[in-house]
Amino acid sequence: VVPTQRFEVRVAWGEFHGEPPQASKANDFAELLLQEWSLYPPQLVERTRLRRIVLCQRLQAGDEDRGALPDFDHDDLYYDVDNGDYDRTYQRKVVHHEFFHIIDERDDGHLYDDPRWARLNTRAWRYGSGGSAQASRTEDASMLTDRIPGAITRYCTAGIEEDKAEVFANLIVEADAVERIAARDPVVCAKVTRMQELLAAFAPAVDASFWAAARAVAPTAIFGGPCRAAPAR
């Protein structure tokens with residue numbers, strides 16, 4: 001869906017709004033979206049009950065800019081086509097990251113709480129105060145890194161929901177880099193394994209062929225190398 005006028009949406013947690021996108025930018029993003037979305041088995045999308053994908057610009061929650069936003073109340077997903085338009089790899093990750101939030105909420109009704117995932121972390125691990133707060137503080141939050149034990153990006157540390165979404169998105173877009181991190185970090189390795197398990201439980205069609213198809217988009221991606229999973233705590 002491409003809105004033709006400024007819109008405001010009221011949801012349980014407050015209000016967000018946006019504006020119609022420039023046609024050229026909407027078309028560019030739609031092309032990328034189509035390529036990425038074609039990876040998903042229909043079963044996966046159907047089980048999320050997603051109704052619409054809305055392409056817009058100047059997407060804000062209150063006065064805070066948002067690159068994308070899931071609307072669980074109305075089964076919609078919003079993308080700001082301006083967000084990261086200088087970096088196609090980043091935009092690809094945003095597509096999958098934000099869709100995973102919908103998967104995460106639909107699989108058990110809990111977005112901000114996952115005891116089994118939390119037990120994969122070390123006892124000293126502490127998440128931050130949420131995704132929006134983290135995003136506003138660090139410009140490099142979504143860059144892959146091997147300098148944070150148990151995490152693949154700084155954004156992972158913002159909250160459990162962001163940690164999971166970052167693992168999902170990067171497993172699809174940059175599986176080779178995630179493999180290299182996981183091979184040296186048993187916590188990351190355990191999170192990768194758990195991510196594949198929970199997706200398969202939610203939608204069995206998300207099997208080995210799904211991950212292989214995602215890797216095929218980037219020919220150098222070779223996820224599947226050896227890693228040593230950390231025991232759950």
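**Buried charges, a small set of unusual backbone angles and one cavity**

Lys191 is buried, with a relative accessible area of 1%; here buried means under 20% relative accessible area, exposed means over 50%, and partly exposed lies in between (1.4 Å probe, protein chains only). The structure is a predicted model, in which local features need pLDDT of at least 70 and side-chain atom pairs count only at pLDDT 80 or more, while totals for chains, interfaces and linings use all residues. Residues are numbered from 1 along each chain as its sequence is written, and side-chain values use heavy atoms, with hydrogens and water left out.

The partner of Lys191 is Asp163: their side chains meet in a salt bridge of 2.7 Å, N to O. This pair links distant parts of the chain, with Asp163 in helix α6 and Lys191 in helix α8 (residues 186-202), 28 residues apart. Like Lys191, which is buried at 1%, Asp163 is buried, with a relative accessible area of 1%. A salt bridge is counted when a side-chain nitrogen of Lys or Arg lies within 4 Å of a carboxyl oxygen of Asp or Glu, and by this rule the count comes to 18 salt bridges.

Helix α6 (residues 160-173) takes part in another such link. The side chains of Lys164 and Asp114 form a salt bridge of 2.6 Å, N to O, and this pair too joins distant parts of the chain, since Asp114 sits in the loop between α3 (88-108) and α4 (115-118), 50 residues from Lys164. Lys164 counts as buried at 2% relative accessibility, and Asp114 counts as buried at 11%.

A further residue of helix α6, Glu166, offers a contrast. Glu166 is buried yet has no salt bridge, and the nearest side chain of opposite charge, that of Lys93, is 6.7 Å away; for this purpose Lys and Arg count as positive and Asp and Glu as negative, with His and the chain ends not counted. Setting aside residues up to four places away in sequence, Glu166 touches His97, Ser142, Ile152, Thr153, Tyr155 and Cys156, where a contact means heavy atoms within 4.5 Å.

Elsewhere, Lys25, Asp82 and Asp85 are linked in a network of salt bridges. Glu105 and Arg106 also meet through their side chains in a salt bridge, at 2.8 Å, N to O, and both of these residues are buried.

Arg106 leads on to the interior space of the model. The structure holds 1 cavity of 30 Å³ or more, and the largest cavity has a volume of about 30 Å³. A cavity is a set of points on a 1 Å grid over the protein atoms alone where a 1.4 Å probe fits but cannot get out, and its lining residues have an atom within 4 Å of a point; points are joined across faces, edges and corners, and the volume is the space filled by probe spheres set on them. Thr48, Arg49, Leu50, Asp71, Phe72, Asp75, Asp76, Ile102 and Arg106 line the largest cavity. By class, this lining has 3 nonpolar, 1 polar and 5 charged residues, with Ala, Val, Leu, Ile, Met, Phe, Trp, Tyr, Cys and Pro taken as nonpolar, Asp, Glu, Lys and Arg as charged, and the others, Gly among them, as polar.

Asp75, one of the lining residues, also stands out in its backbone. Its phi is near 60°, a positive value in a residue other than glycine. Asp75 lies in the loop between β5 and β6 (76-80) and is partly exposed, with a relative accessible area of 21%. Arg58, likewise not a glycine, has a positive phi of about 55°, and its place is in strand β3 (residues 52-61).

Two loop residues show how the chain folds back on itself. Gly67 lies in the loop between β4 (64-65) and β5 (68-71). Although 12 residues apart in sequence, Gly67 and Tyr79 are 6.2 Å apart in space, C-alpha to C-alpha. Beyond its neighbours within four places in sequence, Gly67 is in contact with Leu59, Tyr79, Asp80 and Asn83. Asp185, in the loop between α7 (175-184) and α8, counts as buried at 12% relative accessibility. Asp185 and Ile148 are 37 residues apart in sequence and 9.6 Å apart in space, C-alpha to C-alpha. Apart from residues up to four places away, Asp185 touches Ile148, Pro149, Gly150 and Ala151.

Finally, the chain as a whole. The protein chain has 9 helices and 6 strands, taken as DSSP runs numbered from the N terminus (helices H or I, at least four residues; strands E, at least two). Buried residues make up 52% of its 233 residues. Among contacts between residues at least 6 apart in sequence, 72% join residues at least 24 apart.

Notes: 1 Å grid on protein atoms, 1.4 Å probe; cavity = no way out; pocket = protein on both sides within 12 Å on 5 of 7 lines; lining within 4 Å.
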